[in-house]
Amino acid sequence: EGEGGEGEGEGTAAPGFGVISGDCGVLADQLLSPDPSTFENHIDFGLEGYVDADVDQLTDGGQTMEAVGNAGGNSLQSEVFAFEVLARCEGATLLKTETEIVYDTQGKITDILVEIDGQKGGVSVTRAVHFPFDQPYTLDEATTLMTRKLSDIHVSTADVSAGDRWVKQILSIYAYDQASADVAEQAIAGIDAQTRGDTIVLITVSDGDDAFIY
């Protein structure tokens, strides 16, 4: 499972929408580590995917995110389900949504502020997918995206206010399939250490009817 270490993902996810497998219950120690780490899990949305009527199956934090919305664009569902995985696997609680986090300088922003085991973590969310879906996700496009996201994490970390300051950030990557996840992990591994920083990377492969994420 990349740098996260094999055999660590023994935790069991709490019930909720979608079946989670793979690395779970592994991030609390990583938030206090000076080193980067990479983990991978899966969420299976079944044959019918997620629709608005399923909102009552989300965690309290996920329901709040659905109600509040985000700063724009079509990324809300990937952000909601990035939080759902963290809540159900890592016991994360939602502290602030994207539009509520306070910064000293206007610039790059992160998507979610959470608390895991008493520590604040910032969560930046992106998606490893090629459009159209039936064409492969390439290493070049993955490297470009992941370099930008990891660079943006440094900026938002420097700019966040003291009241909302996290100990480190989690880059949550939703991958359209296992092949896309593998390319994303390869891209992350090839990025220079300064850009990589101490960021935790969590790659979540979405299975089943997952088009709503993308």
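This is a short tour of a predicted model, moving from its sheet to a helix and then to one residue.

**Stop 1: the sheet.** Select the strands. Seven of them form an open sheet. Follow the order across: β1-β2-β7-β6-β5-β4-β3. The pairing is mixed. Now colour β1 (19-22) and β3 (93-97), the edge strands. Each of these two pairs on one side only. Turn the view and compare neighbouring strands in the sheet. On average they are turned by 30° against each other, direction ignored.

**Stop 2: one edge.** Stay with β1 and add β2, residues 37-44. The two strands run antiparallel, joined by four bridges. Which residue of β2 stands opposite Ser21? Select His42 to see it.

**Stop 3: the helix across the sheet.** Select residues 76-90, helix α3. Helix α3 lies across β1, β2, β3, β4 (112-116), β5 (119-128), β6 (168-175) and β7 (200-207). Look along β6 for the angle: α3 runs at about 115° to that strand.

**Stop 4: Asn70.** Go to the loop between α2 (60-68) and α3, and pick Asn70. Is Asn70 buried or exposed? Its relative accessibility is 18%, so Asn70 counts as buried; the cut-off for buried is under 20%.

Next, show what Asn70 touches. Leave aside its neighbours within four places in sequence. The contacts are then Ser75, Leu76, Glu79, Glu98 and Thr99.

**Stop 5: a distance to check.** Keep Asn70 and add Gly197, 127 residues apart from it along the chain. Draw a line between their C-alpha atoms: the separation is 26 Å.

Terms used: Residues are numbered from 1 along each chain as its sequence is written. This is a predicted model: local features need pLDDT of at least 70, side-chain atom pairs count only at pLDDT 80 or more; totals for chains, interfaces and linings use all residues. Side-chain values use heavy atoms; hydrogens and water are left out. Two strands pair if DSSP finds at least two bridges between them. Axes are lines fitted to C-alpha atoms, for helices over the stretch in contact, and angles run from 0 to 180 degrees between N-to-C directions. Contact means heavy atoms within 4.5 Å. Buried means under 20% relative accessible area, exposed over 50%, partly exposed in between (1.4 Å probe, protein chains only).
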